[in-house]
Amino acid sequence: MKHTITRKEDLNAADYVIDVIAPKVAKKFRPGNFAVLITRSNGERIPMSIEKAEGDKITMYIKRLGKTSRELDTWNVGDALYKVIGPMGTPPPLKKYGTVVFASDLVCGHAENNAMCRELKKIEGNHVISIQSFPTKEDVYPEKERAKKDADEYILATGDGSVGRKGHMIDVLQELLEERKIDMVFAGGDIPALQKLSELTKKYNVPVMTTVRQIMVDATGMCGSCRVFIDGEQKLACIDGPMFDGHKVDWEAAISRLAMFKGKEAEAMECYNEKMKAVV
Ligand SMILES: Cc1cc2nc3c(=O)[nH]c(=O)nc-3n(C[C@H](O)[C@H](O)[C@H](O)COP(=O)(O)OP(=O)(O)OC[C@H]3O[C@@H](n4cnc5c(N)ncnc54)[C@H](O)[C@@H]3O)c2cc1C
Ligand code: FES
């Protein structure tokens, strides 16, 4: 199976969107799933949230961050990935919640936000509110027009107020929690922000499910690298998550685990930069 890239466009200066042929993943996809990409036969496995599945294609939003995501950014439509594995993870139940909010502030969170809102909106009895925050006007995705249709209400926020409401997703959520009855919150994005958001929802006694991104090596539950602690119990983000009850996550442990791999990643990036210099 050739996992050919059929679309590749910039979402902003840091993030891009790709559509890739992956029929098996597309067929079984449920919102909240992620895929594992392997760009070349000796490449690392990188997990990516799936924004949508249509026909035999899946869509992913990718941040130009380290070695693999930057290398993939140099590829074009027609190029093929070595492997696309999935769908991975255990998504939260899609059911009637009442007034349900999905808040996101980062690339993977925005992908999950679109995917979840689209399905939650189809369920009778749900009123779906999507909050997406970006640092400034230039960072807002061009796809936001479509994201608006995915929810009953769409609230765009920017940190500097250059477009939409001024503030972060947490500020917007706090206003909503003050103004009206919210039955359920989902959130995806920056881990320290998700910790803060979980604390906020606890204050208002509203349940919250958040994505807990951890470093994944095999993403099949074998290596233990993505372990998280939920209510004191060890879980694996790749198979039990990555969405967990935000009120039960040991956030301090999750944050310090993420920091463990920084040195190795910097080394890989430096190596890649040296290789690119040699090519030029
Ligand atoms: C369930 C899940 C869903 C994700 N969804 C998205 C998404 O939709 N869009 C997106 O841009 N990114 C997403 N990520 C993060 C993405 O996997 C990493 O950014 C990617 O692996 C970076 O690889 P790199 O070689 O470019 O960067 P590296 O230099 O290797 O890493 C840069 C940063 O990426 C994260 N990271 C690196 N390797 C992994 C790994 N194997 N598993 C998890 N995180 C890693 C770490 O925070 C690290 O500091 C997701 C991660 C998880 C766990
Ligand atoms: S990534 Fe290896 S157990 Fe989850």
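Here are three short exercises, each with a worked solution, on the predicted model shown above.

**Exercise 1. Work out which residues and elements surround ligand 1, and how they contact it.**

Step 1: Start with the shell. Ligand 1 is surrounded by 24 residues, and the closest are Glu-44, Pro-47, Lys-63, Ser-69 and Met-216.

Step 2: Sort these residues by class. The shell holds 12 nonpolar, five polar and seven charged residues.

Step 3: Look for polar contacts, taking N or O pairs within 3.5 Å. Ser-69 places a polar side-chain atom 2.5 Å from an oxygen atom of ligand 1. At Thr-68 the backbone takes part instead: one of its N or O atoms lies 2.9 Å from a ligand oxygen atom. On the nitrogen side, a polar backbone atom of Met-216 is 2.6 Å from a nitrogen atom of ligand 1.

Step 4: Ask how much of the ligand is covered. Taken alone, ligand 1 exposes 840 Å², and the protein buries 92% of that.

Step 5: Assign the shell to secondary structure. Two or more residues come from each of strand S4 (45-49), strand S6 (57-63), helix H2 (67-73), helix H3 (107-121) and helix H9 (262-279). Strand S4 gives the largest share, five residues.

Step 6: Finish with the domains. Domain 1 (3-88) and domain 2 (99-259) each supply at least three residues to the shell.

**Exercise 2. Describe the second largest pocket and find the cis peptide bond in its lining.**

Step 1: Take the volume, which is about 150 Å³.

Step 2: List the lining: Met-1, His-3, Ala-22, Pro-23, Lys-24, Val-25, Lys-28, Val-84, Ile-85, Gly-86 and Pro-87. Helix H1 (23-28) and strand S8 (83-88) are the elements that give two or more residues to this lining.

Step 3: Divide the lining by class. Seven residues are nonpolar, two are polar and two are charged.

Step 4: Check the backbone. Gly-86 and Pro-87, both in the lining, are joined by a cis peptide bond with omega near -5°. Pro-87 belongs to strand S8.

**Exercise 3. Place two further backbone features, at Pro-242 and Asn-205, in their loops.**

Step 1: Begin with Pro-242. The peptide bond between Gly-241 and Pro-242 is cis, with omega about 10°. Pro-242 sits in the loop between helix H7 (237-240) and strand S17 (243-245).

Step 2: Turn to Asn-205. This residue is not a glycine, but its phi is positive, near 60°. Asn-205 lies in the loop that runs between helix H6 (191-203) and strand S14 (208-211).

Note on methods:
Residues numbered from 1 in each chain as written. Chains lettered and ligands numbered in written order. Predicted model: local features only at pLDDT ≥ 70, side-chain atom pairs only at ≥ 80, totals over all residues. Heavy atoms only, no water. Near = heavy atom within 4 Å. Polar contact = N/O pair within 3.5 Å; in protein donor to acceptor, adjacent residues only side chain to side chain. Areas by Shrake-Rupley, 256 points an atom, 1.4 Å probe, with all protein chains shown as cover. Helix = DSSP H or I, 4+ residues; strand = E, 2+ residues; numbered from the N terminus. Nonpolar A, V, L, I, M, F, W, Y, C, P; charged D, E, K, R; others polar. Domains from an automatic or database assignment. 1 Å grid on protein atoms, 1.4 Å probe; cavity = no way out; pocket = protein on both sides within 12 Å on 5 of 7 lines; lining within 4 Å. Points joined across faces, edges and corners; volume = space filled by probe spheres on them.
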